[in-house]
Amino acid sequence: MELELEGADLKAVLNRLRRAQGQIAGVIRMIEEGRDCEDVVTQLAAASRALDRAGFAIIATGLQQCVVDARSGRLDGEDPQAMRARLERLFLSLA
């Protein structure tokens with residue numbers, strides 16, 4: 001199953017990833033500058049949340065596409081149980 005992100009979904013995921021990218025750059029800069037540990041961890045946690053949200057948005061889009069494909073009878077030859085197991089593994093990889 002190929003993931004198809006379009007329009008608002010694509011923009012939202014890209015914005016979250018860019019936000020995480022900026023936050024990670026900030027963490028690197030803070031470490032290089034010898035900033036307070038608590039500040040670094042707080043910024044790192046924010047970056048982690050941004051990545052998680054992007055991942056969940058991608059998985060949600062994939063699940064939505066699977067449901068639509070299953071309803072239209074287009075599972076691209078993949079067994080529905082195998083697809084479910086694969087999507088469950090993806091979801092749990094972010095949990």
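## Leu 10 and helix α1

Leu 10 has its place in helix α1. In this predicted model, Leu 10 counts as partly exposed because its relative accessibility is 33%, and partly exposed covers the range between under 20% and over 50%.

Helix α1 runs over residues 7-32. Its 26 residues reach 38 Å from the first C-alpha to the last, close to the 38 Å expected at 1.5 Å a residue. Just after α1, Gly 34 adopts a positive phi of about 70°.

## The nonpolar surface patch

Leu 10 is one of the residues that make a nonpolar surface patch of about 440 Å². The other members are Leu 14, Leu 17, Ile 24, Ile 28 and Leu 51. Helix α1 supplies the largest share of this patch, namely five residues.

An α-helix has 3.6 residues a turn, so residues three or four places apart point the same way.

## Buried and exposed positions of α1

The buried residues of helix α1 are Val 13, Ala 20, Gln 23, Gly 26, Val 27 and Met 30. For each of these, the relative accessible area is under 20%.

Gln 21 also lies in helix α1. With a relative accessible area of 56%, Gln 21 is exposed, because the cut-off for that class is over 50%.

## Gln 21 and Leu 51

Gln 21 and Leu 51 are 30 residues apart along the chain, and their C-alpha atoms are separated by 8.9 Å. Leu 51 belongs to the nonpolar patch described above, whereas Gln 21 is an exposed residue of helix α1.

Conventions. Residues are numbered from 1 along each chain as its sequence is written. This is a predicted model: local features need pLDDT of at least 70, side-chain atom pairs count only at pLDDT 80 or more; totals for chains, interfaces and linings use all residues. Side-chain values use heavy atoms; hydrogens and water are left out. Patches are made of residues with over 30% relative accessible area and no salt bridge: like charges are joined within 9 Å, nonpolar side chains (Val, Leu, Ile, Met, Phe, Trp, Tyr) within 5 Å. Accessible areas come from the Shrake-Rupley method with a 1.4 Å probe; for residues, only the protein chains shown count as cover. A salt bridge is a side-chain nitrogen of Lys or Arg within 4 Å of a carboxyl oxygen of Asp or Glu. Helices (H or I, at least four residues) and strands (E, at least two) are DSSP runs, numbered from the N terminus. Buried means under 20% relative accessible area, exposed over 50%, partly exposed in between (1.4 Å probe, protein chains only). The expected span of a helix is 1.5 Å times one less than its number of residues.
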